[in-house]
Amino acid sequence: MFSVNDILLNEFQFKKMNENILNWTIENVKNFLKDKIESKEILNAIIEHKIDGKTLLLINERDLYSLEAKYNILLGDLKKFSLIIHKLQSENRNCLVYLGLIDSQSNLINNLLNSNSQHRSTFQSHHHNILTERNHLHDIDISPPNSVDGSNSGKCFATCIQPEFFKTIVSLGYAFLVTWLTAFVMVVVHERVPDVKKYPPLPDIFLDNVPHISWAFFACEVTGAILFSVWVCVLIFHKYRMILLRRFFALGGTVFLLRCFTMLITSLSVPGSHLQCQSSDHKFDDGEDFNVFEMLVNRISRAYTIWSGLGMSIQGVRTCGDYMFSGHTVALTLLNFFITEYTPRNLYFLHTITWLLNMFGIFFILAAHEHYSIDVFIAFYISSRLFLYYHTLANNQALMSHDSTRTRIWFPLFSYFESCVEGIIPNEYNALGEIFMTLGGWLINLKDLCMLTARRIWLTQNQSRTESNKRQKRSQSQTTPKRINKISTNGNNDKIRRSMTNLSSALIDDTDRTVSTRKSVNCGPKKEN
């Protein structure tokens, strides 16, 4: 039956559906069938038996023949109704998993059938007698879902696919960090490359029998550029491009992270005498002028040169020591497998071209004597096996949910990125008009986001300004009475001073007058004598 993780996973996927048939009411079912079936008997049966969306998914062949016997439904209308139900069951397969009618992918569960088997003896018509001889597994006849390319081959493909932009951004960040780490490790292993005079090239079956071709490595990178251009075109037109990008970044980052360890553990000698490989001048030596910071800065600058040039010689990047295993082979193999996986199976010409480019690219790597044969072989094997294992688990939720705890421990990135994908990603493509409409929608959303952020910033600034103005008004209102008191005290002091000066001036005038009168009195009698 189901484990707890299966039930939780299916419930999570069920809650993320936008328009679920399980939420249909009786009126929704009637309106849905009204445009597809002209039989009034079927519509009346829908209303009389209270058939909603969940009940519509549970209708089986036995129920159809019981309706035919009761309402005298014509055979043509009955078959049309049956086809509609089968199509709904196929398109809403995840709902059947959620209800417990099928197990994860395609195994039918006949609990409902066993509970209803005791009522078979009540059916007396010819059609019911025929159905009693059938196997219980045919009572709920779910038509097989379409394959990746749209043909009914029994392959289960995902029905509720969400783009999940945040997970794609996380995978991009993971690939970004791994590429930077790879560039830095390439700088370190270049410093540890063995001396050609002391350690000559190792014996190799292919390199010893194939002469060196000077232009072969350039041709290898040209084939890689062609494959990358085809892959970009697939991403542009594919309907589920975000999931493709997420898987591409996850797989590429994981393989190159493994490559960092294999390069750093063992340093192989230079595979060809034509390669002029010298150790870097910035090493941790025992010299007197030992500055770790300067050497680290030099290494980071060299790593940036490698990272910005994508490690390609046509970009002016030349490295040595990064032999186990070949990064060019990894890129060619992953591009080839992703193109063949996410393009229709009937594009035989395109798939043949991509495989030829992959094989010729590997041949050009060996013909240029840039890698040993073991480097190329291990790179191809690891890249192809990891791609196949990842997609096998992603396309079969039963394998992933069988032991989900172990899967989360050993494959944490896979468990996170593929938690909401319940089957094979169908190869559906958008037209140019749809792509432009999608880009227009993104631009409009970006414009709305910018406007909202600008409005929020403006509102916060205005709010801060109003708060500062209120504070200033409060401070001014608190300081004005003090100023008034100071002004009043100063005015009173001035009045006192003025009154005192006036009083003093009056006293001086009075004294002067008294003195003058006294002098006049004294002078009068003397003149008489």
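User: Which residues form one aromatic cluster here?

Analyst: In this predicted model, one aromatic cluster is formed by W231, F248, F249, F337, F338, Y342, W355 and F387.

User: How many aromatic pairs does the structure hold, and how do I read the pair of F338 and Y342?

Analyst: Two numbers are needed, the distance between ring centres and the angle between planes; planes under 30 degrees apart count as stacked. The structure holds 21 aromatic pairs. For F338 and Y342 the ring centres are 6.0 Å apart and the planes stand at 20°, so this pair is stacked. Both F338 and Y342 are buried.

User: How are the rings of Y416 and F417 arranged?

Analyst: Their centres lie 5.4 Å apart with the planes at 55°, so the pair is tilted. Y416 has 33% relative accessibility and therefore counts as partly exposed, whereas F417, at 0%, counts as buried.

User: What lies over the face of Y416?

Analyst: K167 does, at 5.1 Å from the ring centre.

User: Two residues of the cluster, W231 and F248, also appear in a helix contact. At roughly what angle do the axes of α12 and α13 cross?

Analyst: A helix crossing is read from the angle between N-to-C directions, which runs from 0 to 180 degrees. Helix α12 covers residues 216-237 and helix α13 covers residues 241-265; their axes come within 8 Å and cross at roughly 140°. That makes α12 oblique to α13, because an angle has to be over 145 to count as roughly antiparallel.

User: Which residues meet in that contact, and what is their character?

Analyst: From α12 come W231, V234, L235, I236 and F237, and they meet R241, L244, L245 and F248 of α13. Eight residues of this contact are nonpolar, none is polar and one is charged.

User: Now the backbone. Which sign of phi, and which form of peptide bond, should I expect?

Analyst: Most residues other than glycine have a negative phi, and most peptide bonds are trans.

User: Which residues join through a cis peptide bond in this model?

Analyst: M324 and F325 do, with omega about 5°. F325 is in the loop between α14 (292-308) and α15 (327-341).

User: What is the phi of L310, and where is this residue found?

Analyst: L310 is not a glycine, yet its phi is positive, about 60°. The loop between α14 and α15 holds L310, as it does F325. With 66% relative accessibility, L310 counts as exposed.

User: And H369: what is its phi, and is the residue buried or exposed?

Analyst: H369 has a positive phi of about 55°, although it is not a glycine. Its place is the loop between α16 (348-367) and α17 (373-395). The relative accessible area of H369 is 10%, so the residue is buried.

User: How far apart are V210 and A367 in sequence and in space?

Analyst: They are 157 residues apart in sequence and 6.6 Å apart in space, taken from C-alpha to C-alpha. V210 sits in the loop between α11 (205-209) and α12. Its relative accessible area is 19%, so V210 is buried; the cut-off for buried is under 20%.

User: What share of contacts in the chain comes from residues 24 or more positions apart?

Analyst: Among contacts with a separation of 6 or more, such residues account for 79%.

User: How many helices and strands are there, and what percentage of the residues is buried?

Analyst: The chain has 21 helices and two strands. Of its 529 residues, 38% are buried.

Definitions and conventions. Residues are numbered from 1 along each chain as its sequence is written. This is a predicted model: local features need pLDDT of at least 70, side-chain atom pairs count only at pLDDT 80 or more; totals for chains, interfaces and linings use all residues. Side-chain values use heavy atoms; hydrogens and water are left out. Helices (H or I, at least four residues) and strands (E, at least two) are DSSP runs, numbered from the N terminus. Angles under 35 degrees count as roughly parallel, over 145 as roughly antiparallel, 65 to 115 as roughly perpendicular and the rest as oblique. Contact means heavy atoms within 4.5 Å. Ala, Val, Leu, Ile, Met, Phe, Trp, Tyr, Cys and Pro count as nonpolar, Asp, Glu, Lys and Arg as charged, and the others, Gly among them, as polar. Rings of Phe, Tyr and Trp (its six-membered ring) pair if their centres lie within 6.5 Å; planes under 30 degrees apart count as stacked, over 60 as edge-to-face and the rest as tilted. Buried means under 20% relative accessible area, exposed over 50%, partly exposed in between (1.4 Å probe, protein chains only). A charge sits over a ring if NZ of Lys or CZ of Arg is within 6 Å of the ring centre and within 35 degrees of the ring normal.
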